[in-house]
Amino acid sequence: MVKELTKEEVDSKTDPSVNTQWDESTPIGEQFKELYGIVDGMKSSLLTTIRPDVGPVSRCMAVAKRVGPDYLFIANIHSKKFDDLKHDKTAQITFQDTSTQNWVSITGEATTADNADPRIKQVYSKGVNAWFGDLGDGVHTGGPEDPRMALIEVKAKYIAYWKSTATTLGFIKEVAQASMTGKVADTGVNRQLFEKDIQSARDSSS
């Protein structure tokens with residue numbers, strides 16, 4: 001339901017959209033449950049690393065596995081993102097569902113592992129080889145034993161996400177009504193999760 005813009009919000013330099021949709025009342029356990037429901041329903045994300053003399057660089061990456069609040073990616077060890085992570089371990093993962101407008105932003109610290117890590121075989125799926133190719137030498141096959149096959153693990157430190165509480169039609173109507181009346185659209189809930197709660201979620205999933 002659309003909300004009135006108040007003078008107090010303007011005077012206090014508050015973003016009325018964020019203020020209207022901010023959710024601090026839902027129990028943390030339920031917030032994680034709904035977070036996982038959003039990200040587990042999406043096949044790909046944007047993985048952002050920090051490149052020296054450039055800044056943030058993003059690319060689309062399929063999540064190989066979610067382990068509690070943390071994420072594993074399979075990647076080619078020759079790709080530049082590994083060089084990025086040698087300089088700065090900061091990584092960001094973002095998801096967006098264009099059908100619901102749900103989005104998730106995860107900031108964390110990335111570690112990398114080479115082909116000796118047994119988790120590669122655990123998370124590898126046949127379609128991965130399409131991004132590696134097969135040299136035909138019996139070594140660089142695009143399979144899980146390929147020495148180019150490596151892991152990036154992002155351990156979350158801060159999570160922000162927005163979850164729609166409206167249907168697609170309801171979202172459109174709400175935004176249109178707010179635009180026509182000068183009120184503020186209220187179409188979902190905005191949440192943030194901090195390191196202490198993330199660690200608790202990590203401990204409970206291990």
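The chain exposes about 11,700 Å², and carbon and sulfur atoms supply 54% of that area. The model is a predicted one. Of the 206 residues in the chain, 39% count as buried. Along its principal axes, the C-alpha trace spans about 70 × 40 × 35 Å.

The chain has 7 helices and 8 strands. Among the contacts with a separation of 6 or more, 69% are made by residues 24 or more positions apart.

A pair of helices comes next. Two packed helices are described by the angle between their axes and the distance between the axes. Helix 3 covers residues 28–39 and helix 7 covers residues 195–205. Their axes are 11 Å apart, and the helices pack at an angle of about 70°. Helix 3 is therefore roughly perpendicular to helix 7, because angles from 65 to 115 degrees are placed in that class. On the side of helix 3, the contact is made by I28, F32 and Y36. Helix 7 contributes D197, I198 and A201. By residue class, the contact between helix 3 and helix 7 divides into 5 nonpolar, no polar and 1 charged.

The strands and the loops between them can be followed from strand 1 onwards. Strand 1 (44–51) and strand 2 (55–62) are joined by a loop that holds D53. Phi of D53 is near 70°, a positive value in a residue other than glycine. D53 has a relative accessible area of 87%, so it counts as exposed, the cut-off being over 50%.

P56 lies in strand 2. P56 counts as exposed because its relative accessibility is 64%, and the class begins over 50%. Leaving aside neighbours within four places in sequence, P56 is in contact with T48, T49 and I50. For a sense of distance across the model, the C-alpha atoms of P56 and K126 are separated by 30 Å. P56 and K126 are 70 residues apart along the chain.

Further along, N76 lies in strand 4, which covers residues 70–76. A polar atom of the N76 side chain lies 2.9 Å from the backbone nitrogen of H78. Apart from neighbours within four places in sequence, N76 is in contact with F82, F132 and R148.

D88 is found in the loop between helix 4 (80–87) and strand 5. What does the side chain of D88 make a polar contact with? The partner is the side chain of T90, at 2.8 Å. D88 has a relative accessibility of 27%, so it counts as partly exposed rather than buried, which would need a value under 20%. The C-alpha atoms of D88 and E109 are separated by 8.9 Å, with the two residues 21 residues apart along the chain.

The loop between strand 5 (90–96) and strand 6 (103–113) contains Q101. Q101 is not a glycine, yet it has a positive phi of about 75°. At 28% relative accessibility, Q101 counts as partly exposed.

After strand 6 the chain enters the loop that leads to helix 5 (119–123), and N115 is placed in that loop. Is N115 buried or partly exposed? Its relative accessibility is 22%, so N115 counts as partly exposed, given that buried means under 20%. Which backbone atoms lie within reach of its side chain? The side chain of N115 reaches the backbone oxygen of P144 at 2.8 Å. A polar atom of that N115 side chain also lies 2.9 Å from the backbone oxygen of D146. P144 and D146 both appear among the residues that N115 touches beyond four places in sequence. That list also includes I120, E145, P147 and M149. In the other direction along the chain, I77 is 38 residues away from N115, and the C-alpha atoms of I77 and N115 are separated by 8.9 Å.

Key. Residues numbered from 1 in each chain as written. Predicted model: local features only at pLDDT ≥ 70, side-chain atom pairs only at ≥ 80, totals over all residues. Heavy atoms only, no water. Axes fitted to C-alpha atoms, helices over the stretch in contact; angles between N-to-C directions. Helix = DSSP H or I, 4+ residues; strand = E, 2+ residues; numbered from the N terminus. Parallel < 35°, antiparallel > 145°, perpendicular 65-115°, else oblique. Contact = heavy atoms within 4.5 Å. Nonpolar A, V, L, I, M, F, W, Y, C, P; charged D, E, K, R; others polar. Buried < 20%, exposed > 50% of the residue type's maximum accessible area, 1.4 Å probe, protein only. Areas by Shrake-Rupley, 256 points an atom, 1.4 Å probe, with all protein chains shown as cover. Polar contact = N/O pair within 3.5 Å; in protein donor to acceptor, adjacent residues only side chain to side chain.
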